[in-house]
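Got the viewer open? Let's walk through this one stop at a time, with something to select at each step.

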Amino acid sequence: MFQQVPMVEIDGMKLAQSRAILNYIAAKYNLYGKDIKERALIDMYSEGMADLNEMIMTLPLCPPDQKDAKMIQIKERTINRYLPAFEKVLKSHGQDYLVGNKLSRADIHMVELMCYVEEIDPSLLANFPLLKALRTRISNLPTVKKFLQPGSQRKPPIDAKMLEEARKIFKF
C-alpha cells in the first residue's frame with residue numbers, strides 16, 4: 001500500500017505497517033486481551049518497550065563520537081525507567097503475565113526486549129527478578145524456545161559488516 005516493508009499477506013489481505021500487522025496477529029491468536037481495557041494496557045506496555053527498543057536498534061547508526069553517550073543513556077533508561085516500570089506492573093498484581101494473567105503480545109515483546117538488553121550488558125537485568133522469571137516462563141514455551149535456538153530465524157545483533165551491507169542496499 002505504501003510501497004514499503006513490512007508487508008504481510010494473511011487471511012487474503014496484504015497488511016502493511018508494523019503495528020497493524022502485530023495487532024492483527026495478536027488478535028487472531030488471542031494475544032491481545034479480552035477487552036478494550038486489556039488491549040489499552042497491552043498497547044501502552046508495547047509502546048513503552050518500543051521506545052527503549054528503538055534506542056537500542058538505532059545505536060549502530062550513531063556517529064562514532066556519540067556512541068558512548070548513547071550507550072550510557074540506554075543503560076540509564078533501561079535500569080531507571082523502563083525495566084523498573086514493568087517489574088512494578090508484575091509486582092503490583094502478582095500474576096504470571098503483564099496483562100490479564102494470560103500470555104499477550106506485551107509479554108512476547110518483553111522477552112524480545114530483554115534479549116536485546118542482554119546483548120548490550122547482561123548485568124542490566126540483575127535487579128529485575130520478576131521480569132527474569134517472566135522471560136524464563138515465555139522462553140520455555142515450545143514455539144518461543146525453538147525460535148530462540150541458535151540457527152533459528154532470530155537475527156543476531158547488528159555488527160559493522162551487516163550495517164555496511166544495509167548502507168549499500170538502502171544508500172544511506
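Start by selecting Tyr 45. Leaving out residues up to four places away in sequence, Tyr 45 touches Phe 86, Val 89, Leu 98, Val 99 and Ala 106. Keep in mind as you click around that this is a predicted model.

**The core**

Leave Tyr 45 on screen and add Met 49, Leu 52, Leu 98, Met 110, Leu 131 and Leu 134. These belong to the largest nonpolar core, which has 33 residues, and they are the ones that touch the most other members. Now colour helix 2 (36–58), helix 3 (67–93), helix 4 (105–120) and helix 5 (129–139): each of them supplies at least two residues of this core. Which helix gives the most to this core? That's helix 4, with 8 residues. As background, nonpolar side chains tend to be buried together in soluble globular proteins.

**A histidine in helix 4**

Stay on helix 4 and pick His 109, which is found there. Is His 109 buried or exposed? With a relative accessibility of 14%, it falls under the 20% cut-off, so His 109 counts as buried. Show its surroundings and, setting aside neighbours within four places in sequence, you'll find His 109 in contact with Leu 22, Ser 46 and Met 49. Met 49 should look familiar, as it was one of the core residues you just selected.

**The loop after helix 4**

Next, follow the chain into the loop between helix 4 and helix 5, where you'll find Phe 128. Although it sits in a loop, Phe 128 is buried, with a relative accessible area of 6%. What does Phe 128 touch, not counting residues up to four places away in sequence? Look for Ile 79, Leu 83, Pro 84 and Glu 87. If you like using the distance tool, try the C-alpha atoms of Phe 128 and Gln 3: they are 125 residues apart along the chain and separated by 41 Å.

**Helix 5, end on**

Select Leu 131, Leu 134, Arg 135, Ile 138 and Ser 139, which are buried in helix 5. Turn the view so you look down the axis of helix 5: its buried residues fall within an arc of 125°, so they line one face of the helix. What do the buried residues of helix 5 pack against? Helix 3, helix 4 and helix 6 (142–148) are their partners.

**The hairpin**

Now jump to strand 1 (residues 7–10) and strand 2 (residues 13–16). The two run antiparallel and are joined by 4 bridges. Click Val 8 and look across, and you'll see it stands opposite Leu 15 in strand 2. The strands form a hairpin with 2 residues between them, and Asp 11 in the turn has a positive phi of about 50°.

**Cysteines**

Select Cys 62 and Cys 115. Cys 62 counts as buried at 15% relative accessibility, and so does Cys 115 at 7%. Don't go hunting for a disulfide, though: the structure holds 0 of them.

**Zooming out to the annotations**

To finish, colour the chain by its UniProt features, both from an unreviewed entry. The record puts "domain: GST N-terminal" at residues 1–33, a span that is 33% helix and 24% strand, with its end C-alpha atoms 28 Å apart. UniProt places "domain: GST C-terminal" at residues 35–158. That span is 68% helix and 0% strand, and its end C-alpha atoms lie 37 Å apart.

Notes: Residues numbered from 1 in each chain as written. Predicted model: local features only at pLDDT ≥ 70, side-chain atom pairs only at ≥ 80, totals over all residues. Heavy atoms only, no water. Core = buried A, V, L, I, M, F, W, Y, C linked by side-chain atoms within 4.5 Å. Buried < 20%, exposed > 50% of the residue type's maximum accessible area, 1.4 Å probe, protein only. Contact = heavy atoms within 4.5 Å. UniProt positions renumbered as here; feature names shortened; annotations may be inferred. Disulfide = S-S within 2.5 Å. Arc of directions from axis to C-beta. Pairing = 2+ DSSP bridges.
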